[in-house]
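Reader: Please take a close look at one part of this model, the packing of its helices, and describe what each pairing involves. Add whatever surroundings are needed to place that part.

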Amino acid sequence: MFPQQALEFLEDLKINNNRDWFQANQDRYKTYKQTYRDTVEAFVTEISKSEESLQHLEFKNCSFRINRDVRFSKDKAPYKTNMGIWMSAGTKNFSLAGYYIHIEKGASFIAGGMYQPNPAELKKIRREIAGFHEDLEEITNNKELNSIYGGLERTEKNSLKTAPKGYEKDHIAIEFLRLKSFVAVAKLDDKDLESDNFIQETTQKLLVLKPLVEFINRALTTE
């Protein structure tokens with residue numbers, strides 16, 4: 001079960017997203033930070049049973065600062081009002097696909113894969129798709145994946161309108177090649193957070209995406 005106290009802190013912060021309120025509620029924030037750490041460590045422990053490459057992860061590798069970067073945003077609210085957890089075998093200088101958990105009352109979700117890879121990464125992923133599209137088709141046709149996630153996320157923002165440079169419009173894997181992100185996303189209901197087995201149940205859903213994560217990481221690590 002995810003602690004209700006942490007959700008209440010995030011909801012109150014959403015209503016009072018300013019430095020004065022935040023400074024006046026430092027005791028609550030310290031309690032929230034401990035919950036954040038405990039939640040990350042619990043997820044890493046659970047997912048590492050099946051993903052050995054994640055065993056080394058620590059809180060600092062998976063967590064996000066509560067302060068927002070508002071330099072290029074119209075929204076100048078200074079603090080994040082959700083808990084985010086990112087678990088990947090990648091490093092600061094070498095990105096890899098992984099698993100994400102977003103906790104926010106009424107807006108929680110889980111996801112896996114790789115979001116907006118840079119041009120060099122995208123080139124590698126597309127090369128892998130072009131050569132081994134059957135593998136990706138098998139992964140994305142998985143019944144459990146489609147039941148939980150509804151397949152890979154496909155939006156106007158996430159897809160090119162035409163074929164990427166170097167590929168024909170009628171390429172057999174064009175629907176995959178046009179993607180700019182390779183992620184699957186599933187909503188979490190508030191009642192999911194209340195489950196006594198929240199960590200275990202959520203991890204099992206994330207691990208459905210393990211073949212997708214492995215496919216992308218194979219592309220990124222194979223010369």
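Author: For helix axes, angles under 35 degrees count as roughly parallel, those over 145 as roughly antiparallel, those from 65 to 115 as roughly perpendicular, and the rest as oblique. The model discussed here is predicted.

Helix α5 (residues 119–140) packs against helix α10 (residues 210–221) at an angle of about 140 degrees, and their axes are 8 Å apart. An angle of about 140 degrees is not over 145 and does not fall in the range 65 to 115; α5 and α10 are therefore oblique to each other. The handedness of this crossing is right-handed. On the α5 side, the contact consists of Glu121, Lys124, Ile125, Arg127, Glu128, Ile129, Phe132, Asp135, Leu136 and Ile139. On the α10 side, Pro211, Leu212, Phe215, Ile216, Arg218, Ala219 and Leu220 take part. Sorted by class, the residues of the contact between α5 and α10 are 11 nonpolar and 6 charged, with no polar residues.

One residue of α5 can be followed further. His133 sits in helix α5. With a relative accessible area of 10%, His133 is buried, because the cut-off for buried is under 20%. Leaving out residues up to four places away in sequence, His133 touches Glu128, Ile172 and Ala173. Glu128 is also among the α5 residues in the contact with α10.

The stretch that leads into α5 also has a detail to note. Gln116 lies in the loop between β3 and α5. The phi angle of Gln116 is near 45 degrees, a positive value in a residue other than glycine. Gln116 counts as partly exposed, at 45% relative accessibility.

The next pairing involves helix α3 (residues 26–47) and helix α9 (residues 198–207). The axes of α3 and α9 come within 10 Å and cross at roughly 55 degrees, which makes α3 oblique to α9. The crossing of α3 past α9 is right-handed. From α3, the contact takes in Thr39, Ala42, Phe43, Glu46 and Ile47; from α9 it takes in Phe198, Ile199, Gln200, Thr202, Thr203 and Leu207. The contact of α3 with α9 has 6 nonpolar residues, 4 polar and 1 charged.

Within this contact, Thr202 belongs to helix α9. Thr202 is buried, at a relative accessible area of 3%. Setting aside neighbours within four places in sequence, Thr202 is in contact with Phe43, Ile110 and Leu188. Phe43 and Thr202 are 159 residues apart along the chain, while 8.8 Å separates their C-alpha atoms.

Helix α3 has a further helical partner, α1 (residues 4–15). The axes of α1 and α3 come within 9 Å and cross at roughly 125 degrees. Helices α1 and α3 are therefore oblique to each other. Here α1 passes α3 in a left-handed crossing. The α1 residues in this contact are Gln5, Ala6, Glu8, Phe9, Leu10 and Asp12, and they meet Arg28, Tyr29, Thr31, Tyr32 and Thr35 of α3. By class, the residues of the contact between α1 and α3 divide into 5 nonpolar, 3 polar and 3 charged.

Helix α3 also lies across strands β1 and β2, running at about 30 degrees to β1. These strands belong to an open sheet of 4 strands in the order β1-β2-β3-β4, with antiparallel pairing. The edges of the sheet are β1 (83–88) and β4 (182–188), each of which pairs on one side only. On average, neighbouring strands of the sheet are turned by 15 degrees against each other, direction ignored.

Strand β1 pairs with β2 in the antiparallel sense over 6 bridges, and Met83 stands opposite Ile103 in β2. Although β1 is an edge strand, β1 is mostly covered: 5 of its 6 residues are buried. Strand β2 (residues 98–103) also pairs with strand β3 (residues 108–114), again in the antiparallel sense, over 5 bridges. Within that pairing, His102 has Phe109 in β3 as its bridge partner.

Conventions: Residues numbered from 1 in each chain as written. Predicted model: local features only at pLDDT ≥ 70, side-chain atom pairs only at ≥ 80, totals over all residues. Heavy atoms only, no water. Pairing = 2+ DSSP bridges. Helix = DSSP H or I, 4+ residues; strand = E, 2+ residues; numbered from the N terminus. Axes fitted to C-alpha atoms, helices over the stretch in contact; angles between N-to-C directions. Contact = heavy atoms within 4.5 Å. Left-handed = near helix turned anticlockwise from the far one by under 90°. Nonpolar A, V, L, I, M, F, W, Y, C, P; charged D, E, K, R; others polar. Buried < 20%, exposed > 50% of the residue type's maximum accessible area, 1.4 Å probe, protein only.
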